[in-house]
Amino acid sequence: MRDSAPTGTEDGVTPTDPAAPLGPGSMLHELTHQARWGLVATRAIVLEAAHPQIGAALITNSTFVAHPWRRLRNTVLSSQRMVHPDERVRQREAARLNRLHERITGTDAEGRAFNAADPETRAWVVATLFESTVTMCRLSGESLDGPVLERLYSEFRAFLALMEPDGGTLPPTLREFWRYYEVMIEERLENTEAVRVILDRLFAQVPAPPLLRDSPAVWAAGRALAGPVAIAITVASLPEPLRARLGLPELPGARTLIHAAYLSTRFATQLLPEAWTRLDTVMAMIDPSSGSQPGADALAGLRRGATKAGALFRLLTPAPRTATPDESTVRSAARFFSEVLDQTGNGFLDWPDLAAMAREIATRLDLDTEDEDRLFTAFADWWRDLQQELDTDGDGRVTGHEYAAATATMTSSALIRVAEVLFDVTDKDRNQFIDGGEYRTLFRTAFDHDTGDGDDDEQLTRTEFVRRFLKFMAGRGHSDAHDRLFAHP
Amino acid sequence: MRGLPDHVACVMDGNGRWAAQRSLPRTAGHHAAEAAVIDVIEAAHTAGVGWLSLYAFSTENWRRPAAEVDVLLRLVRRTIKKHALALHARGIRCRFLGVTDPRIPPPLARDIADLMTLTRDNRRMTLTVAFDHGGRRDIVEAARSLIRDGVPPEQVTEESFARHLPHPDLPEVDLVIRTSGEQRISNFMLWQVAYAEWIFPDVLWPDFRAEHFWQCLDVYRRRNRRFGEVSVPTARGKGT
């Protein structure tokens with residue numbers, strides 16, 4: 001970990017405000033670029049989920065169970081923007097997070113209101129990240145002496161202050177923080193549904209990262225071994241009182257396992273070439289669409305190796321019973337519904353799905369306030385259209401069959417407005433054309449959808465783009481199989 | 001070994017007759033062909049042949065009885081799964097020529113793609129399996145590709161045309177072995193066999209073994225290939 005004073009005076013970069021000790025040179029800047037930050041984020045999410053307000057928000061609005069890799073990537077990207085050398089980037093990200101949090105409100109199953117922008121809630125999120133960082137260092141055998149710990153804490157407070165104009169509700173001193181932390185663990189945290197979902201389902205059912213999406217058998221085999229280990233490590237690292245409240249016993253050997261895991265990450269960070277242990281490298285490895293550059297050749301080699309391993313695994317697997325065309329059709333259609341439409345993974349299409357889609361697009365395309373508002377408004381209007389057309393029983397949600405059957409015959413003006421916003425944000429030079437390359441990048445970035453090898457010189461007009469977008473959202477651009485299924489449910 | 005052909009192709013003929021001679025269904029001949037295929041791949045690999053092409057299934061073969069086609073497709077899949085690892089371990093790059101018909105079952109198409117992915121970096125020998133292949137169709141496709149690219153007529157040469165064929169790096173065939181004594185081209189790699197030497201052993205394909213393959217190589221080495229000239233004193237590929 002570097003120990004130099006924060007400077008932030010790179011060319012073209014706004015000098016760092018001494019009152020906001022983030023950016024290059026800060027401990028947080030260094031930590032959030034290390035691969036082991038992923039361990040911190042994973043442990044912290046369990047502590048966050050045990051908070052009743054955050055747990056309710058996660059269960060009703062978040063897509064982390066259905067799309068955990070995307071969630072991890074967004075968290076990492078957001079953390080890195082929050083410690084970016086350029087203060088304008090930090091401010092922009094904080095403003096974006098504020099807008100995002102303000103949109104996540106509702107009531108939980110017991111009728112208690114939750115609001116992701118609540119200061120106390122956000123303080124707890126930052127507190128879990130701080131405490132998880134300290135725990136990671138402690139379990140890795142790194143000593144954080146008083147001044148270093150104080151500095152780390154002040155950086156996390158600065159992190160929160162970026163989002164909270166009045167500085168947020170984290171205690172001013174480290175001594176007070178530990179008291180606050182203990183009280184939260186003892187009195188505030190609960191055995192929420194979100195915690196149970198994370199521990200029971202997330203690790204056991206985590207879908208393959210994009211790199212291994214075409215090798216589900218390889219992923220399933222690895223997950224069957226690594227899943228229980230990941231649960232044991234995470235559970236063993238939780239505070240004892242919370243573990244007791246969640247009814248999670250400490251498994252024999254878990255202490256040894258946890259030390260081995262954290263020590264390995266520490267030594268890997270110290271001994272391996274820096275490019276290998278950077279978080280960007282790992283994210284690029286599991287998600288080729290993230291577009292990170294470091295170690296590109298090594299990554300390309302790894303990806304080729306993984307592809308070959310997947311091919312060999314499938315070839316060595318005995319041929320299963322041949323699926324009928326109908327079965328293949330159902331699988332393909334289900335994939336479109338789960339990957340594009342059903343963002344929360346609950347099997348239905350409802351407002352949190354569309355909100356998550358808008359949130360995801362806004363994050364990935366880094367939209368400014370005006371474009372983001374236009375996008376959310378268009379999605380909200382579209383949801384109202386869908387409800388009027390489809391939700392006849394008024395339960396606030398529609399099934400995949402209902403959705404596709406309706407979109408095949410209905411051209412929603414609100415959906416056209418969604419397309420127009422996407423066209424506008426992609427057409428950077430405002431010449432009313434987007435080229436084939438930009439079109440494919442948009443779909444890959446916003447929807448994880450590969451439109452195939454097209455012609456980069458192709459020029460798409462607004463009308464043509466809208467036509468293709470409507471076709472995609474009706475599932476017709478995804479596969480013929482999807483079309484057949486939904487045309488004849 | 002001096003005078004070896006660089007590219008050998010086999011038209012695997014005689015499965016049906018082999019079965020008929022034994023009062024077995026035609027499909028039994030196809031099953032028996034698997035051993036010959038593996039033997040020939042091994043023999044070519046040992047001899048140091050760089051390119052081996054096998055004619056497994058033509059575009060015309062789809063006209064055969066559905067049950068026979070079905071058995072053939074399943075047999076190909078089984079053979080791929082059974083021998084993929086051994087082929088890869090021997091450094092053999094496997095490729096397929098054709099394989100465009102929608103009637104090819106998706107699991108088989110997946111296995112074919114997987115085999116190509118697995119072995120794509122191997123260079124010891126390249127095995128090209130012509131499956132759902134038609135030589136004329138390849139030429140028509142190349143012509144279409146030229147037109148799509150807007151190549152002016154005066155720029156179309158044999159070399160530029162060949163670059164639009166599937167697997168443009170596939171060298172011209174030096175030797176074609178067609179088993180069972182039949183002497184026809186049967187729409188096989190029409191462009192690539194232009195100057196090939198042909199050998200027609202009487203052996204039916206299920207009985208064809210490494211020793212027959214060696215005999216064919218020996219016959220080839222003793223031939224005097226002239227490529228239309230008066231004399232070229234070697235039996236190796238063009239220009240050698």
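**Chains A and B: contacts and rings**

Visitor: How many salt bridges cross the interface of chain A and chain B?
Guide: The rule finds 2 salt bridges across that interface. Keep in mind that this is a predicted model.

Visitor: What does R314(A) pair with?
Guide: R314(A) forms a salt bridge with D114(B). Their closest N and O atoms are 2.6 Å apart.

Visitor: And what classes of residue does chain A bring to the side that touches chain B?
Guide: That side of chain A has 7 nonpolar, 3 polar and 4 charged residues.

Visitor: How many residues does each chain put into the contact?
Guide: Chain A gives 14 residues and chain B gives 14 residues. About 1,300 Å² is buried between the two chains, with carbon and sulfur atoms giving 60% of that area.

Visitor: Which polar contacts are there, or at least how many residue pairs?
Guide: 3 residue pairs are in polar contact across the interface, both residues at pLDDT 80 or more.

Visitor: Rings now. How many aromatic pairs are there over all chains?
Guide: A search of the whole structure finds 20. One of them joins W198(B) and F200(B), which are stacked at 5.9 Å centre to centre, with 20 degrees between the planes.

Visitor: Is W198(B) buried or exposed?
Guide: W198(B) counts as buried because its relative accessibility is 16%, under the 20% cut-off. F200(B), at 25%, counts as partly exposed.

Visitor: Which residues do ring pairs link into a cluster in chain A?
Guide: Among them are W124(A), F130(A), Y153(A) and W178(A).

Visitor: What sits over the ring of F376(A)?
Guide: The charged end of R103(A), 3.6 Å from the ring's centre.

Definitions and conventions
Residues numbered from 1 in each chain as written. Chains lettered and ligands numbered in written order. Predicted model: local features only at pLDDT ≥ 70, side-chain atom pairs only at ≥ 80, totals over all residues. Heavy atoms only, no water. Phe/Tyr/Trp six-rings, centres within 6.5 Å; stacked < 30°, edge-to-face > 60°. Buried < 20%, exposed > 50% of the residue type's maximum accessible area, 1.4 Å probe, protein only. Lys NZ or Arg CZ within 6 Å of the ring centre and 35° of its normal. Contact = heavy atoms within 4.5 Å. Buried area = accessible area lost by both parts, 1.4 Å probe. Salt bridge = Lys/Arg side-chain N within 4 Å of Asp/Glu carboxyl O. Polar contact = N/O pair within 3.5 Å; in protein donor to acceptor, adjacent residues only side chain to side chain. Nonpolar A, V, L, I, M, F, W, Y, C, P; charged D, E, K, R; others polar.
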